[in-house]
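Welcome, and take a moment to turn the model around before reading on. The paragraphs below lead you through it step by step.

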Amino acid sequence: NKLKSINSQLKKKGVQDDVKKSLLQNENKFKTVFESSNYGLVIFTENGQFSECNSKTLELFEISSKNEFLEMNISKLVPIRQPSGERSEMIYERRVKKAIFGKKQNFTFWVNKYTGESFLCEITLSRINLEGSYVLFGQLRDLTKEVQQIKELENSEERFRLIASTAKDAIILMDDKGQVTQWNNAAEKIFGYTKNDAIGMPVHQILASKEHQKSFQKGFEVF
């Protein structure tokens, strides 16, 4: 009986060791994924106190020390108000409350770097159970490049509109269905259609005579 008891205890110890080993391996995998992510990753409490972050987070907020970041509260990293005029604190509390009740949140939010410079951030919040308590897991993505690209696109579109409006030649754009999408001032003078009338019209109805409209349309379909 003693021998059976010893064997049983050894087996239990072996199982416990295997479980501990497996847990350690999973923990190491998590740490590797967590640290190597291209997203800023943070774990924090409902009241905004950080408990963990990866190196990408420190890079985003331009903070050199992880300990310094973990001692901060989220309230220190957001402007008083968002561009909409609403207080950042109110938006944050509303989003956190939904996330802590299990409803995943995805939104864009202006945040501050440690230097005070603001940048637009895409934030995803989800609830996780950590050591028996619910905390929040946040994914952060800097949208600075996307914002810059949109501005450049808007500027290029504005330059095109300026050129088109002052050009002496007709400038006409159409979509893949052959409907007019752009009609400048010169086109109004040459063809006699106002911009409001021309936009959305099939281009062949404007450019081709009635006897040639069918052949024009067929040619366009092949094109």
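## A walk through the model

Let us begin at serine 65, which sits in the loop that joins α2 to α3. Keep in mind that everything here comes from a predicted model. Is serine 65 buried, exposed or partly exposed? Its relative accessible area is 26%, and buried means under 20% while exposed means over 50%, so serine 65 is partly exposed. Serine 55 is 10 residues away from serine 65 in sequence, and the two C-alpha atoms are 9.5 Å apart in space.

The loop between α2 and α3 also holds glutamate 62. The backbone of glutamate 62 has a positive phi of about 55°, although this residue is not a glycine. Most residues other than glycine have a negative phi. With a relative accessibility of 39%, glutamate 62 counts as partly exposed. A positive phi of about 55° turns up at glutamate 131 too, again a residue that is not a glycine. You will find glutamate 131 in the loop between β4 and β5. Its relative accessibility is 81%, and the cut-off for exposed is over 50%, so glutamate 131 counts as exposed.

Now step back to see the whole protein. Nine helices and seven strands make up its list of elements. Of its 223 residues, 28% count as buried. The accessible surface comes to about 15800 Å², and carbon and sulfur atoms hold 53% of that. Among the contacts with a separation of 6 or more, 33% are between residues 24 or more positions apart.

Next, look inside. In soluble globular proteins, nonpolar side chains tend to be buried together. Here the largest nonpolar core has 28 residues, and the ones that touch the most other members are Phe44, Phe50, Phe61 and Phe69. Which elements each supply at least two residues of this core? They are the strands β1 (40–44), β2 (50–53), β3 (105–112), β4 (118–130) and β5 (133–142), together with the helices α2 (55–61), α3 (66–70) and α4 (88–100). The helix α4 gives the most, with five residues.

Phenylalanine 50 is a good place to see how this core is joined up. Setting aside neighbours within four places in sequence, phenylalanine 50 is in contact with Val42, Ile43 and Phe44, and also with Phe69, Leu70, Met72, Asn73, Ile74 and Leu77. Apart from the largest core lies another core, of seven residues, including Ala198, Met201, Val203 and Ile206.

The helix α4 is also home to glutamate 93. At 41% relative accessibility, glutamate 93 counts as partly exposed. Glutamate 46 is 47 residues away from glutamate 93 in sequence, yet their C-alpha atoms are 8.6 Å apart in space.

What about empty space within the protein? A search of the whole structure finds one cavity of 30 Å³ or more. About 210 Å³ of space lies in the largest cavity. Of the 16 residues that line the largest cavity, Ile74, Tyr92, Val111, Ile123 and Leu140 lie nearest its centre. At least two lining residues come from each of β1, β3, β4 and β5, and β3 gives the most, with three. How many of the lining residues of the largest cavity are nonpolar, polar and charged? The count is 15 nonpolar, one polar and no charged.

The second largest pocket holds about 240 Å³ of space. Its lining includes glutamate 62, the residue with the positive phi, along with Asn38, Tyr39, Lys56 and Lys145, among others. Leu140 is one of the lining residues of this pocket, and Leu140 also lies among those nearest the centre of the largest cavity. The elements that give two or more residues to the pocket lining are α2, β5 and α5 (144–166). By class, that lining has three nonpolar, one polar and eight charged residues.

Our last stop is threonine 194, in the loop between α6 (185–191) and α7 (195–198). Threonine 194 has a relative accessibility of 37%, and so counts as partly exposed. Beyond its neighbours within four places in sequence, threonine 194 is in contact with Trp183 and Glu188. Tryptophan 183 is 11 residues away from threonine 194 in sequence, with 8.2 Å between their C-alpha atoms.

Technical notes. Residues numbered from 1 in each chain as written. Predicted model: local features only at pLDDT ≥ 70, side-chain atom pairs only at ≥ 80, totals over all residues. Heavy atoms only, no water. Core = buried A, V, L, I, M, F, W, Y, C linked by side-chain atoms within 4.5 Å. Buried < 20%, exposed > 50% of the residue type's maximum accessible area, 1.4 Å probe, protein only. Helix = DSSP H or I, 4+ residues; strand = E, 2+ residues; numbered from the N terminus. Contact = heavy atoms within 4.5 Å. Areas by Shrake-Rupley, 256 points an atom, 1.4 Å probe, with all protein chains shown as cover. 1 Å grid on protein atoms, 1.4 Å probe; cavity = no way out; pocket = protein on both sides within 12 Å on 5 of 7 lines; lining within 4 Å. Points joined across faces, edges and corners; volume = space filled by probe spheres on them. Nonpolar A, V, L, I, M, F, W, Y, C, P; charged D, E, K, R; others polar.
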